[in-house]
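Hello,

Here is the structure I promised to pass on. Please open it next to this message; my notes follow below.

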Amino acid sequence: MPTSVLTPVEYIGRWSINSVRSLGKAGYLTTGALRALRNVEIWGPRLVSQMVSVGVASVPIALFIAVFTGIVLALQASYTLTGAVPMYLVGAMVGKSMILELGPVLTGLALAGRVGASTAAEVGTMRVTEQIDALETLAYDPLAYLVVPRVLAGVFMFPVVIVLASAIGILTGWSASLTLLDMSSAEFVRGLRLFFQPWDVGFAVIKSLSFGLIVTSVGSFYGFHAKGGAGGVGVATTRAVVVSSMLILVLDAFWAVVLL
Amino acid sequence: MKRREELLAGSVVLLGIVVAVFGTLWLQGRRFGSTETEVHVLMRDVGQLSVGNAVTFRGVPIGRVGDIAVEEGGTAVRIQLLLDGEWILEDDAVAVIAPESMFGDWQAEIVTRSRFPRYDYYEIPAEARLPGGVRILSGYMLPDLSRLTAVADEVAQNVASLTDRFDRAFGQETTDQITQAIDNMEEFTATLRRLADQQSDQFLGIAEDVQNATSEIASVLETARGSLERIDALLASGDLDSILVNTRVITAELSGVSGDISAASRSLSGTLTLADSTFLALNRITARLESGDGSLGRLITDTLLASRAERLVEELNLLMADLRANPRKYVRLSIF
């Protein structure tokens, strides 16, 4: 068989085997992490520091993104709607967009870069410097020590950060409507309340939970399986960010189909 | 350091929870720290009304829709209205659900039944209240734009169908058929008039015969009356012989008169019989003519046959002319 034909076939085969192997590793990591939930004495003390690292430290960047997203959303809504529909619908568009879509997704993507990269880099560095092996030698469960607190912190803190970001986005959109669009507060609030459903907040929280789970899990996975030296950590970090971002968009579509 | 981290994380989490909970309540239109009046509305359909939509009174927003649920059994929908502050509604207060604008937002407006008495409100017992004293109102939903559009579409389809039928009824084909029918009727009328004229002529003849017969009878009766007067005179005079003689003469005359009367009666009877048979014959002829039966009927109804007969006559004329002009061509006389 000629080499030119065999090479792509080999490539597909290698890719398939690696994919299945990665799935197996992910399954192994997931089951190990679930088992490690029993070791509260290991992950419990580290949970708060991870909540601060994953959540509290991410608030500024999330709010920064939300401020400008709210302003731009109000201005673009006004630009699109002027002359066509009443201006109070700017409030409806800002509120719905920030709560349902832009707040969770933009914040999730930003945190995928920040949290996913830091998780993959920290865990990856520990892997390539054999600190994880040292933990195992000391009879510490590395999953309980490194993965579980990060994942739990992500699950707890992502919704908090995203709720704050959405609220700030709406407030800045409101401010922009008052100062730049000559709208009144009554108009904006009327539109804001017009199509609001309490389920919108629940939908955003569910999405945020899944984003937190995915970003921290993917970062931990690539860090845990990093190879080589600093280069391997870099590759793991890059892959973690890319895969997390892709999975956030996939999950966004998935929840929209399932829950809306 | 650890306490500071805990304080920080706890603060952020609490802030997130507070923002989520109070933000949701505020966006639902709930006013914190103020009293609310709860009112329920029963109606058949709520359209696109949703929880959080405005409740208005005389155009002023006074509350929001708190809950919407289908009644047990599915016969009605129950809407919970939460009015800001204390409200005592009028006895005939009802709720009208209608679009607030053309952009999908609806509202529940509290009005009095006397303001819109013709609406088909969901009927509930007067002064109906829930156990907690919560008032229950009747409600009616105004049709939204999409329903009106659907009805207008149906009306437009009906008008289009009607127009199509009018178009067919007054089309060229129908006009041609009506013209043809008028022509046929005109022809039928002319034929009928001709038949009536013929029957009228025959009837006049019959009537004349009857008049003549009547005159003859009157004449005979006059003669008989004169004879009877003479008999009476003879009887009065006592001249029996002459009377007998005269009677014989009169009898003879009466016999003759009777014969005349008999003849006249026979003539009248024959005339009437002839008239009956004439009418019957005329009826048969008319029926055959109408049905196009027979030569004359076919000649009347079948233009082709008429034209062919006309051509035949023309050809016979030509043949006769040729016969006169060239007799030898057709007749040869030879002896031996």
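A word on terms before the counts: helices and strands here are DSSP runs, with at least four residues for a helix (H or I) and at least two for a strand (E), numbered from the N terminus. Please also keep in mind that this is a predicted model.

Chain B in outline

On those terms, chain B has 6 helices and 7 strands. Along the sequence the pattern reads α-β-β-β-β-β-β-β-α-α-α-α-α. The chain has 336 residues, and 11% of them count as buried. Take the contacts in chain B with a separation of 6 or more: 57% of them come from residues 24 or more positions apart.

The barrel

What do the strands of chain B build, and in which order? A barrel: 7 strands close up in the order S1-S4-S3-S2-S6-S5-S7. The pairing is mixed. From one strand to the next, the twist averages 35 degrees.

Start with S1(B), residues 36–43. S4(B), residues 77–84, pairs with S1(B) in the antiparallel sense, over 8 bridges. Glu36(B) sits opposite Asp84(B) of S4(B). S1(B) also pairs with S7(B), residues 135–141. Those two strands run parallel, joined by 4 bridges. Here Val39(B) has Arg135(B) of S7(B) as its bridge partner.

Now move to S6(B), residues 106–112. S2(B), residues 54–57, pairs with S6(B) in the parallel sense over 4 bridges. Two facing pairs help to place this: Ala54(B) is opposite Gln107(B), and Val55(B) is opposite Ala108(B). S6(B) pairs with S5(B), residues 93–99, in the antiparallel sense over 7 bridges. Pro99(B) has Trp106(B) in S6(B) as its bridge partner.

S5(B) and S6(B) also form a hairpin, with 6 residues between the two strands. Look at Gly104(B) in the turn: its phi is positive, at about 95 degrees.

One general point for viewing the strands: in a regular strand, side chains alternate between the two faces of the sheet.

Where chain A meets chain B

How many residues does each chain bring to the contact? Chain B gives 19 and chain A gives 21. On the side of chain B that touches chain A, 9 residues are nonpolar, 7 are polar and 3 are charged.

One helix pair is worth a look. H6(A) covers residues 142–180, and H1(B) covers residues 2–27. Their axes come within 9 Å and cross at roughly 55 degrees. H6(A) and H1(B) therefore lie oblique to each other, as the angle falls outside the ranges for roughly parallel (under 35 degrees), roughly perpendicular (65 to 115) and roughly antiparallel (over 145). The crossing of H6(A) and H1(B) is left-handed.

Which residues make this helix contact? From H6(A) come Pro159(A), Val160(A), Val163(A), Leu164(A) and Ala167(A). From H1(B) come Val12(B), Val13(B), Leu15(B), Gly16(B), Val19(B), Ala20(B) and Gly23(B). By class, the contact of H6(A) with H1(B) holds 10 nonpolar residues, 2 polar ones and no charged ones.

Best wishes

Conventions:
Residues are numbered from 1 along each chain as its sequence is written. Chains are lettered from A and ligands numbered from 1 in the order in which they are written. This is a predicted model: local features need pLDDT of at least 70, side-chain atom pairs count only at pLDDT 80 or more; totals for chains, interfaces and linings use all residues. Two strands pair if DSSP finds at least two bridges between them. Two residues are in contact if their C-beta atoms, placed from the backbone, lie within 7 Å. Ala, Val, Leu, Ile, Met, Phe, Trp, Tyr, Cys and Pro count as nonpolar, Asp, Glu, Lys and Arg as charged, and the others, Gly among them, as polar. Axes are lines fitted to C-alpha atoms, for helices over the stretch in contact, and angles run from 0 to 180 degrees between N-to-C directions. A crossing is left-handed if the near helix is turned anticlockwise from the far one by less than a right angle, and right-handed if clockwise. A residue is buried if 20 or more other C-beta atoms lie within 10 Å of its own, exposed if 12 or fewer, and partly exposed in between; C-beta atoms are placed from the backbone.
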